[in-house]
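Reader: Hey, got a minute to walk me through this model? I'd like to start with the charged side chains and wander from there.

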Amino acid sequence: MFRATGNLVRLVRAGRVLARHDALFPLELRGEMPAAMLLLLAMAKLRLPWERVAASEAAKGDIGAEPAARLAAAMMDLGPSYIKLGQFLATRPDIVGTELADDMTLLQDKLPPFPTEQARLIVEEQLGRPVEAVFSSFSDAIAAASIAQVHRARVIADEANAEGRDVAVKVLRPNVEARFTRDLDSFFWIAHLIERFHQPSRRLRPVEIVQTLADSVKIEMDFRLEAAAMSEMAENVANDKGFRVPKVDWELTARHVLTLEWVDGIPASDRPALVAAGHDMKKLGVTVIQSFLMHALRDGFFHADMHQGNLFVDADGTLVAVDFGITGRLDQTQRRMMAEILYGFVQRDYRRVAEMHFAAGYVPHTKSIDAFAQALRSIGEPIFGRPSRDVSMGRLLAQLFQVTEQFEMRTRPELILLQKTMVVIEGVARHFDPDNNIWDSAEPVLREWMSEQFAPETRLEEAVTGAAQLGRMAGQLPDFLARAERTARLLSESVDEDGLKLHPSSTEALARAQGRRGFVVPALWAAIGALAAVLIFKLL
């Protein structure tokens, strides 16, 4: 009861914040709403004497009447948990719809910094020594977001570096874990209610959605895992030109503190400064596209939040990526699928793209492959012949996912994350070079990767891997057969001329469940299934 009350209070508060920003219901629907609903909405907007006026709410007149801006401002006021929820929903148009997902992309993860003294205390607690014993200087926050903020510091000089070295120190916000725990509990509570009482929403699996968000946040708040992600990508790109990852200082990294080499570069968002420094903007546009595709296809591991704010350009024109809190992975099958799709569209070979979907099992074989190829043609043909700045690989994939829904293809979250990230990467490329041709930039990477995948040595390596897997399975086969025999024997012993024998306690439990829920429980169906298996076994 206490949990339900606390969750209800928190959700009512969230509803009131949304109402004050005119984000609870679309303004366009106000004329169609009942008078009682309008009265409740007006009451929700009333401010209690002790409630503060949020900065974004005070400036609401400057935000404008766009629904996306109103919703983003409300999420900002609700705090870190809702900001992360909004960012997560931006990657899941299959859940909230394309329009709302696009609205969520306007959500900026920026919050006022917390005091530097608090940051110093957290660093001391996490590293187990005073800040002065580690750093000769420790600045105020230079950037602050929903989960953490970043400080510039200088490591005390030692034998390896007589002058010390500059580093970036990322510090977790105080009490943010407790706040996320409370808000996620509210999200789980309402998700369970939705699944229980609103049958049409069950197909969206709201509890599973909240669990995915909770898992993501848990990883993002442990900076050791972010450091590991950076270390992995640094190894992957060690021999690449034009892209690198800052070095992690593992000795000065802990669960709530991440220390990296300081990046002396120009923010990718500052285009005039990049032009003034003489950087080749066309080359930067090509590099960001090709680097991302190599990470996704070659390595199966990509930075999933690579917007301009997380990129710098150093003196020699190399892109430097930071903030690896959100990353994505693709297995070998998914990588080949994406490469085949994109390369098929480049070559305008829609039949090949359709065949890949069917071969991978993404589209049921009951559907027509010719009809699917025709639907793909309706997506691909309109983009050819258009100006390069109007062509988007990410949006093409978004349209592809919409079409595949008509052919009963189940949405795959990892591919949607890739598509959303691709849209962001294209935005960065065209920020560098407005005339960047996405297809021309991508084609060499796609062609090279495809040729490598179909090379004899690659096929031989895959065959060796498959043989090793079969060998491991064969080694486990005797144990599997022994367990199957024991299970069949036990089931057989539970059946006599009168039917299936159940222990009295099992019978009582089934009766209690039947009385509570009013329908045949899954346990009974499991028993029926077991009985059927026994009968089949006896007949063989």
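Author: Sure. This is a predicted model, and a good place to begin is a network of salt bridges that links Arg152, Arg154 and Asp166.

Reader: How far apart are N and O in the salt bridge between Asp166 and Arg154?

Author: The N to O distance there is 3.1 Å. Asp166 sits in strand β3 and Arg154 in strand β2, 12 residues apart, and the pair links distant parts of the chain.

Reader: And which residue of β3 stands opposite Arg154?

Author: Asp166 again: Arg154 stands opposite Asp166 in β3. So this pair shows up both as a salt bridge and as facing positions on paired strands. As background, side chains of opposite charge can pair when their charged atoms come close.

Reader: Buried or exposed, or somewhere between, for Asp166?

Author: Partly exposed, with a relative accessible area of 24%. Arg154 also counts as partly exposed, at 28%.

Reader: How many salt bridges turn up in the whole structure?

Author: A search of the whole structure gives 22. One of them joins the side chains of Arg165 and Asp249, at 2.6 Å from N to O. Arg165 is in strand β3 and Asp249 is in the loop between β4 (243-244) and β5, so that pair ties together parts 84 residues apart in sequence.

Reader: What about accessibility for Asp249?

Author: Asp249 is buried, with a relative accessible area of 11%. Its partner Arg165 is partly exposed at 34%.

Reader: Which residue does Arg255 form a salt bridge with?

Author: Glu177, with the closest N and O atoms 3.1 Å apart. Arg255 lies in the loop between β4 and β5, while Glu177 belongs to helix α10, so this pair ties together parts that are 78 residues apart in sequence. Arg255 has a relative accessible area of 39% and is partly exposed. Glu177 counts as partly exposed too, at 24%.

Reader: OK, switching to the sheet. What's the strand order?

Author: β1-β2-β3-β5, in an open sheet of 4 strands with antiparallel pairing. β1 (135-144) and β5 (257-261) stand at the edges with a single partner strand each, so one side of each has no neighbour in the sheet. On average, neighbouring strands are turned by 25° against each other, ignoring direction.

Reader: How many bridges join β1 to β2?

Author: There are 6, and the two strands run antiparallel, with β2 covering residues 148-155. A hairpin through 3 residues connects β1 to β2. Among the facing positions, Phe135 has Val155 as its bridge partner in β2, and Ser137 stands opposite Arg154.

Reader: And how many between β2 and β3?

Author: 8 bridges, with that pair also antiparallel.

Reader: Which helix lies across β2, β3 and β5?

Author: Helix α12, residues 223-236, running at about 30° to β5.

Reader: Let's zoom in on β5. What does Leu260 touch?

Author: Leu260 lies in strand β5. Leaving out residues up to four places away in sequence, Leu260 touches Val167, Ala168, Met230, Pro246, Lys247 and Val248. Leu260 and Ala168 are 92 residues apart in sequence, yet their C-alpha atoms are 5.2 Å apart in space.

Reader: Is Leu260 buried or exposed?

Author: Buried, with a relative accessible area of 10%. The cut-off for buried is under 20%.

Reader: Now helices. At what angle do the axes of α6 and α10 cross?

Author: Roughly 60°, with the axes of α6 (residues 80-90) and α10 (residues 176-197) coming within 9 Å. That makes α6 oblique to α10.

Reader: Which residues make the contact?

Author: On α6 they are Pro80, Ser81, Tyr82, Lys84 and Leu85, and on α10 they are Val176, Arg179, Phe180, Asp183 and Phe187. By class, the contact has 6 nonpolar, 1 polar and 3 charged residues.

Reader: Last stop, α16. Which of its residues are buried?

Author: In α16 (residues 350-359), the buried residues are Tyr350, Val353, Ala354, Met356, His357 and Phe358. For context, an α-helix has 3.6 residues a turn, so residues three or four places apart point the same way.

Reader: What's the phi of Gly361, just after α16?

Author: Positive, at about 80°.

Note on methods
Residues are numbered from 1 along each chain as its sequence is written. This is a predicted model: local features need pLDDT of at least 70, side-chain atom pairs count only at pLDDT 80 or more; totals for chains, interfaces and linings use all residues. Side-chain values use heavy atoms; hydrogens and water are left out. Two strands pair if DSSP finds at least two bridges between them. Axes are lines fitted to C-alpha atoms, for helices over the stretch in contact, and angles run from 0 to 180 degrees between N-to-C directions. Contact means heavy atoms within 4.5 Å. Angles under 35 degrees count as roughly parallel, over 145 as roughly antiparallel, 65 to 115 as roughly perpendicular and the rest as oblique. Ala, Val, Leu, Ile, Met, Phe, Trp, Tyr, Cys and Pro count as nonpolar, Asp, Glu, Lys and Arg as charged, and the others, Gly among them, as polar. A salt bridge is a side-chain nitrogen of Lys or Arg within 4 Å of a carboxyl oxygen of Asp or Glu. Buried means under 20% relative accessible area, exposed over 50%, partly exposed in between (1.4 Å probe, protein chains only).
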